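Reader: I am new to this structure. Please choose a single part of it for a close look, and then connect that part to what else should be noted.

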Amino acid sequence: MNWEDNIRRAVPYTPGEQPQGKGIIKLNTNENPYPPAPGVEKLLREMDSDSLRLYPDPDARELTETLAKYYGLRPAQIFVGVGSDDVLAMAFLTFFHSGRPILFPDITYSFYDVWAGLFQIPYRECPLDGDFRLRTEDYLQENGGIIFPNPNAPTGILEPLEKVEEILRANPGVVVIVDEAYIDFGGVSCLPLLEKYDNLLVVQTFSKSRSLAGMRIGFAMGGEKLITYLKNVKFSFNSYTMNRTALALGVEAVKDDAYFKNCNARIVETRERIKKELLKLDFTFMDSRANFIFAAHKRVPGARLFAELKERGIFVRHWEKPRIADHIRITIGTEEQMDRLLEALREILASCG
Ligand SMILES: *Cc1c(COP(=O)(O)O)cnc(C)c1O
């Protein structure tokens with residue numbers, strides 16, 4: 001017997017590059033170009049060694065209560081974790097346990113098939129239609145659970161609430177997870193549906209709209225029963241997943257709602273301006289409601305654009321995958337960063353004839 005025959009093998013997720021260096025423009029992992037709320041930085045500076053020395057509150061009570069109040073829910077309806085990746089992984093492990101295939105779109109967040117692989121959950125990828133939209137009928141087949149982002153990544157397309165509800169109505173026997181990582185950039189959240197559907201789990205994150213990707217804070221909202229099951233699995237792993245700093249800074253970020261809304265509005269405004277500019281440069285793209293645009297050029301392939309931009313110190317995301325290899329995903333940065341991107345694109349397109 002060889003020890004290598006009896007281990008768990010995993011095909012890991014590949015995150016976007018984190019290039020180091022001065023003058024680099026990072027538009028490849030959907031981070032927020034603006035700093036977190038001023039109160040967050042202030043609190044971080046005031047922290048003393050107790051936040052290092054002591055264990056954190058395993059119930060994350062303050063953060064949970066703050067989020068519950070903000071979203072009009074009860075604290076028992078909130079589950080927090082180390083980024084929504086942690087929350088989603090726990091949710092896969094907890095809720096997708098039937099042996100029947102779970103369903104998600106063929107073009108979507110590329111962590112879903114990684115978790116399914118790791119936890120040995122069978123899955124079926126449902127092809128988006130020609131316009132990269134979710135086809136409701138695909139989610140009416142027998143399944144062991146459903147997950148999709150709304151807006152979807154990397155397309156940026158927001159599906160209407162009616163479509164989300166149609167899927168929920170057809171699937172009372174499984175847990176349906178809606179990954180709302182990008183909902184704050186002008187989307188309509190399906191949170192109100194929690195009242196009607198106790199099998200709905202809505203997952204959000206502080207990484208994008210709250211400028212705290214480095215802190216790792218994510219959360220899920222759902223019925224109390226669902227949340228209790230999640231907590232039981234989490235506490236079977238590790239009681240102290242979130243550190244004291246993240247817990248405290250998360251609370252502070254939620255407190256400053258004016259700052260939050262203002263930053264999001266700025267990003268949306270920049271996104272809409274860039275859409276117009278990209279059209280002038282012969283790009284085609286879907287109507288993104290996220291903090292990125294997924295665009296293809298009419299003549300120049302995605303791989304070429306990606307490489308040429310990288311050469312100029314501008315990082316975007318590109319996948320060499322069927323159906324989307326011609327696209328690049330561009331995170332919305334500051335106005336200035338986006339002007340430099342446009343300038344680089346004009347130069348590249350001119351040299352490509
Ligand atoms: C960014 C992202 C996440 C994970 O975000 P965290 O930083 O782990 O909170 C989850 N789902 C989608 C669709 C994302 O784009």
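Author: What follows starts with one strand, moves to the ligand, and ends with some loops.

This is a predicted model, in which local features need pLDDT of at least 70 and side-chain atom pairs count only at pLDDT 80 or more, while totals for chains, interfaces and linings use all residues. Residues are numbered from 1 along each chain as its sequence is written, and side-chain values use heavy atoms, with hydrogens and water left out.

The part chosen is strand β8, residues 218-222. Helices (H or I, at least four residues) and strands (E, at least two) are DSSP runs, numbered from the N terminus. β8 is mostly covered, since five of its five residues are buried. Buried means under 20% relative accessible area, exposed means over 50%, and partly exposed is in between (1.4 Å probe, protein chains only). In a regular strand the side chains alternate between the two faces of the sheet. In β8, G218, A220 and G222 point one way, F219 and M221 point the other way, and all are buried.

β8 has strand partners, where two strands pair if DSSP finds at least two bridges between them. Strand β2, residues 78-81, pairs with β8 in the antiparallel sense over four bridges. Strand β7, residues 200-205, is also antiparallel to β8, with five bridges. F219 of β8 is the bridge partner of V80, and F219 is the bridge partner of Q204 as well.

Next comes the ligand. A residue counts as near it if one of the residue's heavy atoms lies within 4 Å. The residues around the ligand include T205, S207, K208 and R216, along with G83, S84, D85 and L88. Helix α4, residues 83-95, gives the most to this shell, with four residues. Polar contacts are pairs of N or O atoms within 3.5 Å; within protein, one must be able to donate a hydrogen and the other to accept it, and residues adjacent in sequence count only if both atoms are side-chain atoms. An oxygen atom of the ligand is 2.5 Å from an N or O atom in the side chain of Y182. For the side chain of R216, the distance from a ligand oxygen to an N or O atom is 2.7 Å. At D85, a polar backbone atom is 2.9 Å from an oxygen of the ligand. The protein covers 93% of the 390 Å² of accessible area that the ligand has on its own. Such areas come from the Shrake-Rupley method with a 1.4 Å probe; for residues, only the protein chains shown count as cover.

The loops come last. S98 is in the loop between α4 and β3 (102-105), and S98 is partly exposed at 38% relative accessible area. The side chain of S98 reaches the backbone nitrogen of R100 at 3.0 Å. S98 and G144 are 46 residues apart in sequence and 5.6 Å apart in space, C-alpha to C-alpha.

The loop between β5 (146-149) and α6 (161-170) holds P151 and P154. N150 and P151 are joined by a cis peptide bond with omega of about -5°, and the bond from A153 to P154 is cis with omega near 5°.

N30 is not a glycine, yet has a positive phi of about 60°. N30 lies in the loop between β1 (25-26) and α1 (38-46) and is buried, with a relative accessible area of 1%.
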